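Student: I've never looked at this one before. Could you walk me through it, one question at a time?

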Amino acid sequence: MKRKHKTYSKPKRPFDKARIEEEAKIIEEFGLKNKREIWKADARIKEIREKAKNLISADSAKQEKLFERLKKMGFNVNSIGNVLSLDKKDYLKRRLQTVLVDKRLAKSTKSSRQLIVHRKVMVDGKAIDSPSYIVPIELEGKITIKIKKEKPKEKPVKTAEEKENEGNS
């Protein structure tokens, strides 16, 4: 069994006031649960940037492969410079939780998070229960919300009194 490792790293200065205020704004804007979600997005962007830096001297075919993969994820990149200029906010905009609000399927980021966690959101016919799911461009139009099915109405149960009245009539 493979061992799971952390997918993020904590900030070097835990009590940096400017960083704390910026993270509070991001949490409010994107409806995140905690700061760890910001750090994870930051780590993913850092990984993407590292790959781009390694491909600067590589041939254009490998670069195009990276650009295509990022375009499928929903990032508008055409050059290494565009990849290096990606920000954690760009990554957070591609989360299912944020896409639901952008598509007006949910009223707020908090309500979209609740819908997702309660498995009410379908992406291409599959229920997704992770708000951090990165929505690919081709699946963005296939997001739907489950509609509550009406239960068939049962016949009302007759009381003993009603049964007596039927027998007497």
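What follows is a chat about a predicted model, going from helices to cores, a pocket and a few loop residues.

Student: Let's start with α1, residues 17–30. How far apart are its end C-alpha atoms?

Tutor: You can work out what to expect first. The helix has 14 residues, and at 1.5 Å a residue it should span 20 Å. The model agrees with that, since the distance between the end C-alpha atoms is 20 Å.

Student: Which residues of α1 are buried?

Tutor: Look for a pattern around the helix as you read the names. The buried ones take up an arc of only 100° around the axis, so they sit on the same side of α1. Here they are: Arg19, Glu23, Ile26, Ile27 and Phe30.

Student: And which residues are exposed on the other side of α1?

Tutor: Buried means under 20% relative accessible area and exposed means over 50%. By that cut-off, the exposed residues on the other side of α1 are Lys17, Ala18, Lys25 and Glu28.

Student: What covers the buried residues of α1?

Tutor: Turn to the buried side, the one with Arg19 and Phe30 among its residues. Several other helices are part of the cover there. The cover includes α2 (35–54), α5 (88–92), α6 (96–102) and α7 (109–117).

Student: Which residue follows α1, and what is its phi?

Tutor: Most residues other than glycine have a negative phi. The residue after α1 is glycine 31, and its phi is positive, near 65°.

Student: Now α3. Where do its buried residues lie, on one face or spread around the helix?

Tutor: The buried residues are Gln63, Leu66, Phe67, Leu70 and Met73. In an α-helix there are 3.6 residues a turn, so residues three or four places apart point the same way. Looking down the axis of α3, you'd find the buried residues within an arc of 115°, so they line one face.

Student: Which helices do those buried residues of α3 pack against?

Tutor: The face turned away from the buried side carries exposed Ala61, Lys65 and Lys72, so to speak the outside view. On the buried side, the partners are α2, α4 and α5.

Student: Which helix gives the largest share of the largest nonpolar core?

Tutor: That core has 22 residues, and those touching the most other members are Leu32, Ile48, Leu70, Phe75, Val77, Val83 and Tyr91. At least two residues each come from α1, α2, α3 (60–73), α4 (80–84) and α5. The largest share is five residues, and the helix that supplies it is α2.

Student: How many residues are in the second core?

Tutor: This core is separate from the one we just discussed. Its members include Leu96, Ile116, Val123 and Ile143. The size of this second core is 11 residues.

Student: What about the largest pocket? Which residues lie nearest its centre?

Tutor: There's about 300 Å³ of space in that pocket. The largest share of its lining, four residues, comes from α2. Of the 14 lining residues, the ones nearest the centre are Ser9, Lys10, Pro11, Trp39 and Asp42.

Student: Is arginine 95 buried or exposed?

Tutor: Arginine 95 is in the loop between α5 and α6. Beyond its neighbours within four places in sequence, arginine 95 contacts Leu32, Glu37, Arg113, Pro131, Ser132, Tyr133, Ile134 and Val135. With a relative accessible area of 3%, which is under the 20% cut-off, arginine 95 counts as buried.

Student: How about arginine 104, buried or exposed?

Tutor: Arginine 104 lies in the loop between α6 and α7. Its phi is near 65°, a positive value in a residue other than glycine. Its relative accessibility is 74%, so arginine 104 counts as exposed.

Student: One last thing: how far apart in space are serine 108 and glutamine 97?

Tutor: Serine 108 is in the loop between α6 and α7, and it is partly exposed at 30% relative accessible area. Serine 108 and glutamine 97 are 11 residues apart in sequence. In space, C-alpha to C-alpha, the distance between them is 9.3 Å.

Notes
Residues numbered from 1 in each chain as written. Predicted model: local features only at pLDDT ≥ 70, side-chain atom pairs only at ≥ 80, totals over all residues. Heavy atoms only, no water. Expected span 1.5 Å × (residues − 1). Buried < 20%, exposed > 50% of the residue type's maximum accessible area, 1.4 Å probe, protein only. Arc of directions from axis to C-beta. Contact = heavy atoms within 4.5 Å. Core = buried A, V, L, I, M, F, W, Y, C linked by side-chain atoms within 4.5 Å. 1 Å grid on protein atoms, 1.4 Å probe; cavity = no way out; pocket = protein on both sides within 12 Å on 5 of 7 lines; lining within 4 Å. Points joined across faces, edges and corners; volume = space filled by probe spheres on them.
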